[in-house]
Structure formats: C-alpha cells, structure tokens
Amino acid sequence: MKLAVKPAARDDMLLQLSYLAEHGGEELGLRFLQAAEQSFVRLLEYPNSGTPKAFGNSRLAGIRSWPVPGFEDIRAYYTVENELVTILRVLHGRRDIVAILGEN
C-alpha cells in the first residue's frame, strides 16, 4: 500500500497543530502530529479498518474515517483504491464534514 496526503489534509493538520499549540502548548501540537502520522501508518497496514461513511452526495461514496489516537474527536477522512490510501481531510467532528468534503 502507498499513502497520498492531499494538500487540504496537510493544511488541516497544520491548522490543528497551530490551534493545539496555542491553547495547550507546543508539546500538545507536536503530539497531535505524531498521532496523526501513527493513524496513517495504521491505515496503510489495515486500510479497510476505518468506518465507511454514508453521505447523501454520491460523489462522497467510498469515504472512510479513522480517529487520530489520543485526539478521537479529530478524524482522518480517506479513500482506498487499488493499492493507494488517500487522506482527503483531517477534521474535527464538530465541523460540517459533508459540506467540507463536498467541496473537494
């Protein structure tokens, strides 16, 4: 399996890092990045372990989600096609996931 992280997902992670560092300290922000990377490694090992999401928008078919360990309110949204795991976004659960994913 190979991993691709979309630019929007990288931006999401940097925004979350900044928020956590500002509100909880730099160590917390760095711990988030490490946890996100761990979740990506897990997805490469077990790509279908994430929860399949059901959206009304057919363009979003096949998207799965997986929590970032230690930050379970933040989830990686991804697809699996052939031998490729593509991380689309990394979002907090309080965000409007459908609207955000529908923009991609």
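**Exercise 1.** How many of the five residues of β3 are buried?

*Solution.* Start with the source: this is a predicted model. Next, locate the strand: β3 covers residues 64-68. Now apply the cut-off: buried means under 20% relative accessible area. Four of the five residues of β3 meet it, so the strand is largely enclosed by the rest of the structure.

**Exercise 2.** Find the strands that pair with β3, and name a bridge in each pairing.

*Solution.* Take β2 (51-52) to begin. β2 and β3 pair in the antiparallel sense over two bridges. In this pairing, Thr51 has Ser65 of β3 as its bridge partner. Turn to β4, residues 71-81. β3 and β4 are also antiparallel, with five bridges. Here Pro67 is partnered by Arg75 of β4. Finish with the link: β3 and β4 form a hairpin with two residues between them. Gly70 sits in the turn and has a positive phi of about 85 degrees.

**Exercise 3.** In what order do the five strands stand in the sheet?

*Solution.* Read across the open sheet: β1-β5-β4-β3-β2, with mixed pairing. Then check the ends. β1 and β2 are at the edges with a single partner strand each, so one side of each has no neighbour in the sheet.

**Exercise 4.** Place helices α1 and α2 against the sheet.

*Solution.* Helix α1, residues 7-24, lies across β1, β4 and β5. Its direction is at about 35 degrees to β5. Helix α2, residues 26-45, packs on the sheet and touches β1, β3, β4 and β5. The direction of α2 makes about 140 degrees with that of β3.

**Exercise 5.** Where is confidence lowest, and where is it highest?

*Solution.* The mean pLDDT of the protein is 90. Helix α3 (residues 97-103) is lowest, at a mean of 74. Strand β1 (residues 2-5) is highest, at 96.

Definitions and conventions: Residues numbered from 1 in each chain as written. Predicted model: local features only at pLDDT ≥ 70, side-chain atom pairs only at ≥ 80, totals over all residues. Heavy atoms only, no water. pLDDT = per-residue confidence, 0-100. Pairing = 2+ DSSP bridges. Contact = heavy atoms within 4.5 Å. Axes fitted to C-alpha atoms, helices over the stretch in contact; angles between N-to-C directions. Buried < 20%, exposed > 50% of the residue type's maximum accessible area, 1.4 Å probe, protein only.
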